[in-house]
Amino acid sequence: MKQSFFAVKTDKNAPHDEGSINAQLLTRGGFVKKESAGVFSFLPIGLRVLQKIKRIIREEMNAVDMQEILMPALIPKENWQQTGRDNVDIGFKTDRNYILGWSHEEIVTPLSKLYINSYKDLPVALYQIQTKFRNEPRAKSGLLRGREFSMKDGYSFHLDREDFQKYYDRVAEAYFKTFERAGLKSYKIEAGGGEFSKLMSHEFAVITPAGEDVMLYCSACGFARNAELRENEKEEPKKCEKCGSELKKDKCVEVGNIFDLATKYSDAFNLKISDKDGKQVVPYMGCYGIGVSRLMGTIVEAFHDENGIIWPKTVAPFQVHIISLNQDEEAKKLEKELEKEGFEVLFDDRDESAGKKFADSDLIGIPLRIVISGRTIEKNSVEWKERAKNEAENTPLSEVVNKIKSFYA
């Protein structure tokens with residue numbers, strides 16, 4: 001992809017109305033455009049990152065036997081009335097008949113009646129990746145707290161609570177894998193159910209100074225708990241209740257959650273199935289969410305320096321950034337060779353100074369930068385620079401393709 005043709009424009013100045021790191025760098029790098037508070041357009045390079053994150057999520061949800069569907073954003077108000085959530089001040093009401101979906105229990109539960117009739121049809125799990133709308137009174141922190149955002153929400157149906165618990169634990173492990181593949185260390189934290197359930201839930205949180213939540217955690221065994229759950233105690237515990245190691249305290253961002261819904265929504269929509277004895281029973285339900293666009297913002301908060309973003313390899317918009325300093329023909333040859341090998345390449349062929357090209361490369365944050373100049377051609381080499389490292393090195397042109405293969409192995 002030639003950078004001169006690619007719809008990405010960088011800006012050396014941060015937006016004056018955004019204080020968060022992710023909003024500043026994503027805007028400056030041409031990944032997103034803020035339309036209003038908590039509402040963003042995703043530009044071509046930003047959409048590439050978002051699609052990489054979605055692919056990881058899809059692969060991990062498919063691996064735990066979730067099936068992807070797509071439900072409408074407009075949900076009839078009568079559905080919300082059946083669960084008593086029509087007056088919850090979270091969603092946007094379009095008119096007297098519809099509410100823009102901020103969660104989809106009110107659609108997926110009656111929808112499941114089409115294919116759930118007996119115990120033989122269970123368990124079953126469904127998910128979607130879709131735009132959600134929430135009437136967030138404090139839309140801020142870029143992609144971390146939005147009014148319109150991308151989300152993966154999943155729902156499972158079970159014959160009983162025992163079967164639900166087994167699946168709940170499977171999804172929890174899939175969440176750890178999902179966030180790890182996106183480059184993040186996550187912790188599972190006990191939390192309340194909020195508007196979704198009266199039962200306990202679990203949040204998956206990532207440590208970052210940009211977080212609005214605070215958690216106590218053990219770096220030795222991974223145990224974590226929201227500090228708010230300890231607010232009624234005289235003092236916070238110093239030792240981990242699981243392994244006895246020292247507990248730490250840090251700000252964090254919630255990137256996912258899983259809920260025990262019990263039969264709240266099954267009851268509301270009169271969802272019943274026949275068990276092995278022919279008796280009508282109410283299915284047990286679970287709910288599983290991941291903030292897709294929030295995850296993108298969290299990655300930026302976790303991986304950046306004073307020059308820009310440092311994307312993990314798995315979610316970077318491109319794998320290799322080739323910069324030509326008046327050596328376009330040699331750069332084109334390498335670009336074609338890499339693309340033939342299946343690599344995603346951004347080729348900076350712009351008529352700009354070396355300083356401008358290097359600054360933009362650091363800002364955009366592609367994991368690997370390859371510079372081809374008159375000086376490197378004289379030595380039959382390229383300049384190899386990993387974004388996560390400070391130093392550059394010369395690499396023979398004949399070895400660069402294999403070295404890139406090893407870098408991404």
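Guide: A residue is called buried under 20% relative accessible area, exposed over 50% and partly exposed in between. The model discussed here is a predicted one.

Visitor: At 34% relative accessibility, how does K405 count?
Guide: The relevant cut-offs are under 20% for buried and over 50% for exposed, with a class in between. Because K405 has a relative accessibility of 34%, it counts as partly exposed.

Visitor: With which residue does K405 form a salt bridge?
Guide: K405 belongs to helix α11 (residues 400-407), and its partner, 64 residues apart from it, sits in the loop between α8 (328-340) and β20 (345-348). That partner counts as partly exposed at 42% relative accessibility. The closest N and O atoms of the pair are 3.2 Å apart, and the residue that K405 meets is E341.

Visitor: How many residues apart in sequence are the parts tied together by E68 and R58?
Guide: The side chains of E68 and R58 meet in a salt bridge, at 2.9 Å from N to O. E68 lies in strand β3 (residues 66-68), whereas R58 belongs to helix α2 (residues 44-63), so the parts that the pair ties together are apart in sequence by 10 residues.

Visitor: What is the N to O distance in the salt bridge between R181 and E59?
Guide: This pair links distant parts of the chain, with R181 in helix α5 (residues 161-181) and E59 in helix α2, 122 residues apart. R181 is partly exposed at 30% relative accessibility, and E59 is likewise partly exposed, at 38%. Their side chains meet with an N to O distance of 2.5 Å.

Key: Residues are numbered from 1 along each chain as its sequence is written. This is a predicted model: local features need pLDDT of at least 70, side-chain atom pairs count only at pLDDT 80 or more; totals for chains, interfaces and linings use all residues. Side-chain values use heavy atoms; hydrogens and water are left out. A salt bridge is a side-chain nitrogen of Lys or Arg within 4 Å of a carboxyl oxygen of Asp or Glu. Helices (H or I, at least four residues) and strands (E, at least two) are DSSP runs, numbered from the N terminus. Buried means under 20% relative accessible area, exposed over 50%, partly exposed in between (1.4 Å probe, protein chains only).
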